[in-house]
Amino acid sequence: MGPECAKLSIFFIVSWLCNGVRSNSVEQKIYVLLNNTVPCVRLLNATHQIGCQSSISGDTGVIHVLEVESDLDWVLSSGPNPPYMVVMEAHLFNRTTMTRMKGSLRVAGVAVVIPKVGPPQGFSPHNSCPNEGSGVYSSSYGPELAGCNTTVWNPLGNGLSYEDFSFPIFSLREDNETEVIRKCFREHNVAVNGSTPQYPLCAMQLFSHMHAVTNTATCMRRNDIQTSFGIRPEMVCDALSDYNVWGSVVPLNNTAKGHQEIQSVVIAAAQLDGRSFFWDVAPAGEGSITGFVTLLAAAHALSTVPEPERNILYTFFQGETFDYIGSSRMVYDMEKGTFVIDLENIHSLLEIGQVGLRSGSRLWLHSDPVSRRNSTVDSEVGKFVKNLKTEADGFSFSFAEPDITQPLPPSSFQRFLRARPIPGLVLTDHQSAFNNRYYESLYDNAEYLNVTYPPSLTAEEQLEHVTETAMALAEVATVVARALYRQADGDVAQLSNISADPKIVTQMLYGFLVQTNNSWFRALLSPEVQNILGPHPPQYYVGVSNSPVNTPTRLVQYILANLIGTPRNLTQEQCQNPEGVEGESKELYSYYWVQGPVPPNSTQGEAYCVRASVRLTKAYSPAFELQDYSSQNYSTWTESRWKLIRARIFLVASRELELMTLGVGVAVLLTSLLVTYFVSTKADLLFSSSREPASAAY
């Protein structure tokens, strides 16, 4: 019996494997998987949930391609085969269309075909008043300026990113997969001569079920229950979080926290993140990249001159799109004495906002009219404005100030003002409403900023090609750097030596907007982080607390270190552990072993050590450390978890045929059971065998 059992076991295993292979083959024949899709996911805060999700088993509907808005009547009323999966062109993806579909049971989901170039009239799924309620203006501070009462910053904002949809919404690229969907629709779903489309029909199935519901307090409570009682805890949401990047002209001791008696610091700030309607797709060209690239270029320009009397602190904030996560965390750390300086050490602040879409020859210097009622603050702001205007003489642009009654635009500076009246300015390309027609959308990309290249250039030649946008930002960076040097009481005789390099600006724009995997970025990074580079630009969505350091954050950290740091004659072991090496200090500096440029006729870079006063600090909302998940003072944004994100198309049979197939299947099952029962009960008769009598032995 032993060998027979073994053979039988092997037979069942082989049969199971064959069935598994056969089932995969059948699935591939039935479904066409769509690989170039991105979902809208669910986000939550203290009060509600936003975003999209499918049912737990996915949502399925007959495809209907929406080419004009009138086609929506077929989906919502006259179409005979609901529910429908609506495939729409990008110009129809607006609040009016989505509101009509939102409450309809005849809509199973939406897929939006996204082109590279946005609609000429503009498109912004963000709110018209970004970060309303989390800035400085409130009922107790400039109430007449709160809630965009005087200035609507993003007039094209339709608020779609802050709506809650009960069906899945995916984006599709304009590529071969989209053409397959259209072909399937034309061949199977288009009515001929006014007749009803005949089965089989082309259908789509979208999977994007979200685990978190209601609000952040609810999902964090469920996380706590899972952690406390679950054998294998499954979290349902994660806090939006990453890291801020900061560096200084004069090194700051990272172990000495709190107030520094001899430190007076000018802060130069920029935002690192962005978002769009769809998860982890955030090109953030004008929204963030123009600002932080300008600040990086200015920091490099300042590294070539002697240190000024005051220190300059470069800060790059993450999570600012979601109620100022990064800046509110830095202010919180300063208040608690856990950062390298505190609020009293801040002399003044300059934030570089959106500066890539200059209209005319002016850039604008925004200040806070409420804090300027203090004569000391007003005097210092006036000096800062004068410094900037003075340094702009001789360049292709000038600075101007909006009306003194106008509030600050959405900016990290507002979080500092909530804690203390600090003299400061926000530099932008807009006087009031944003020039950016695609604020926090998919279209705020390289094409929109005119970062384009002649088609004949190779990738390496594009990296070196200085675009008009790079030249313009280099000019702004030069003026910013000189004004910061003046503001920090630097030697005026050195101002002419401060100049931003247009080539470095164009290399940064290429890496941040076109593709990260280029020779310049590779040379600046450590060998162990080269895997973050790819043939595409990074996305600037902040990410969640259980993820590695975000790619843009890591890139800015290394680029800033290379631009303001100095090469050191250290081995790799000494660079990674400089303790005990004369003249080196991990308290004052960070050390980076970078790959280095590749010499001609070689395939390997000449690695070396860079020493720089550049560090990362948490951009993690204090609300989660305080466990105040309903906080009105700090960001409470979380992202829901999910198990499966998938999109596929297939041909679906009519309901009648499906029921008939089910009926036949049930009939076959019942017949099989009856036959099995009959055979089992009559086994003795059916399988009995007569035996020959034993032979007599003679």
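**Figure 1. Domains of the predicted model.** The domain assignment divides the chain into domain 1 (1-29), domain 2 (31-123 + 158-232 + 644-652), domain 3 (241-563) and domain 4 (566-612). Domain 2 is thus listed with three separate stretches of sequence. The structure shown is a predicted model. Between the centres of domain 1 and domain 3, taken over C-alpha atoms, the distance is 61 Å.

**Figure 2. The chain as a whole.** The C-alpha trace spans about 125 × 75 × 55 Å along its principal axes. Its secondary structure amounts to 18 helices and 23 strands. Of the 698 residues in the chain, 53% count as buried. The exposed surface of the chain comes to about 31900 Å², and carbon and sulfur atoms supply 53% of that area. Among contacts between residues at least 6 apart in sequence, 78% join residues at least 24 apart.

**Figure 3. The annotated segment at residues 659-679.** An unreviewed UniProt entry places the feature "transmembrane region" at these residues. In the predicted model, the chain over residues 659-679 is 100% helix and 0% strand. The C-alpha atoms at the two ends of this segment are 30 Å apart.

**Figure 4. A nonpolar patch on the surface.** Six residues make up this patch: Leu659, Leu662, Val666, Leu669, Leu670 and Leu673. Together they have about 570 Å² of accessible area. One of them, Leu669, lies in helix H17, which covers residues 655-681.

Notes. Residues numbered from 1 in each chain as written. Predicted model: local features only at pLDDT ≥ 70, side-chain atom pairs only at ≥ 80, totals over all residues. Heavy atoms only, no water. Patch = residues over 30% accessible without salt bridge, like charges linked within 9 Å, V, L, I, M, F, W, Y side chains within 5 Å. Areas by Shrake-Rupley, 256 points an atom, 1.4 Å probe, with all protein chains shown as cover. Salt bridge = Lys/Arg side-chain N within 4 Å of Asp/Glu carboxyl O. Helix = DSSP H or I, 4+ residues; strand = E, 2+ residues; numbered from the N terminus. UniProt positions renumbered as here; feature names shortened; annotations may be inferred. Domains from an automatic or database assignment. Buried < 20%, exposed > 50% of the residue type's maximum accessible area, 1.4 Å probe, protein only. Contact = heavy atoms within 4.5 Å.
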